[in-house]
Amino acid sequence: MKHLTDEQFTDLLLGLDEGGSAASHLAACDHCRQELTRVEETMGMLREVSMDWSRQRVAAIPTPQPGLLARLGLSFRPAAGMAVAAVLAIAVAVPFLTRDDAPEPNAAVQHASPVPTAEQIAADNALMAAINQEIAQPAVQHEAAFVEENGKDKTARR
């Protein structure tokens, strides 16, 4: 008689025996039944040892010490924290909500820039007249002035 393979044993242990062919073989084969029992016992012992180890590790973890508030006999409750936050929010918001941004009716109007003097106005008008005269000159005069200043004819091609 042919015995179960390692893959078939693994499928049985994991509950993946589709079709029940391995289970039906176990009903007829005493050797495979004993092998499965031996593997299940080994797995059970491994499970117990690992759980014992885990319990010992958890027991070795130090117990957390109480926080500063608990040591001082104070407790912090979420409702108290929310109340403190609300009071702070109101304390910050009230000055902004109650201020009056409207100017006083008799307040003097201040200009952003000073009022120009007569000399400044005359200088500005002279500058504008010089700019207007430059703009009004024909382009030929501008080119002649450029040649006089720089010694080059900008219309000449190279």
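Helices and strands are taken here as DSSP runs, of at least four residues for helices and at least two for strands, numbered from the N terminus. On that basis the predicted model contains 7 helices and 0 strands. The order along the sequence is α-α-α-α-α-α-α.

Burial was examined next. The protein has 158 residues, and 6% of them count as buried. Its accessible surface comes to about 14300 Å². Carbon and sulfur atoms contribute 60% of that surface. Among contacts with a separation of 6 or more, 32% join residues 24 or more positions apart.

Helix α2 covers residues 21-28 and includes His25. The relative accessible area of His25 is 14%. The cut-off for burial is under 20%, so His25 counts as buried. Beyond its sequence neighbours up to four places away, His25 touches Met1, Lys2, His3, Leu4 and Cys32. Cys32, one of these partners, is itself a buried residue of α3.

Helix α3 runs over residues 30-60 and has 31 residues. At 1.5 Å a residue, a span of 45 Å is expected. The end C-alpha atoms of α3 are 45 Å apart, so the model agrees with the expected value. The buried residues of α3 are Cys32, Leu36 and Gly44. These buried residues pack against α1 (6-14) and α2.

Salt bridges were then considered. The count comes to 3. One joins Arg33 to Asp30, with the closest N and O atoms 3.1 Å apart. Both residues lie in helix α3, 3 residues apart, or about one turn of the helix. Arg33 has a relative accessibility of 35% and counts as partly exposed. Asp30, at 40%, is also partly exposed.

Another salt bridge links Glu35 with Arg38. Here the closest N and O atoms are 2.4 Å apart. Glu35 and Arg38 both belong to helix α3, and 3 residues, about one turn, separate them. Glu35 is partly exposed at 24% relative accessibility. Arg38 is partly exposed at 46%.

A further salt bridge pairs Asp52 with Arg55, the closest N and O atoms being 3.0 Å apart. Asp52 and Arg55 are 3 residues apart in helix α3, so about one helical turn lies between them. An α-helix has 3.6 residues a turn, so residues three or four places apart point the same way. Asp52 has a relative accessible area of 41% and is partly exposed. The cut-off for exposed is over 50%. Arg55 reaches 51%, so Arg55 counts as exposed.

Helix α5 spans residues 78-98, a run of 21 residues. The expected span at 1.5 Å a residue is 30 Å. The end C-alpha atoms of α5 are 30 Å apart, in agreement with that value. A bend of about 25° occurs in α5 at Val92. A proline, Pro95, follows within four residues of Val92. Of the 21 residues of α5, the number buried is 0, so α5 lies largely in the open.

Definitions and conventions: Residues numbered from 1 in each chain as written. Predicted model: local features only at pLDDT ≥ 70, side-chain atom pairs only at ≥ 80, totals over all residues. Heavy atoms only, no water. Buried < 20%, exposed > 50% of the residue type's maximum accessible area, 1.4 Å probe, protein only. Contact = heavy atoms within 4.5 Å. Areas by Shrake-Rupley, 256 points an atom, 1.4 Å probe, with all protein chains shown as cover. Expected span 1.5 Å × (residues − 1). Bend = angle between axes of the 7 residues up to and from the residue. Salt bridge = Lys/Arg side-chain N within 4 Å of Asp/Glu carboxyl O.
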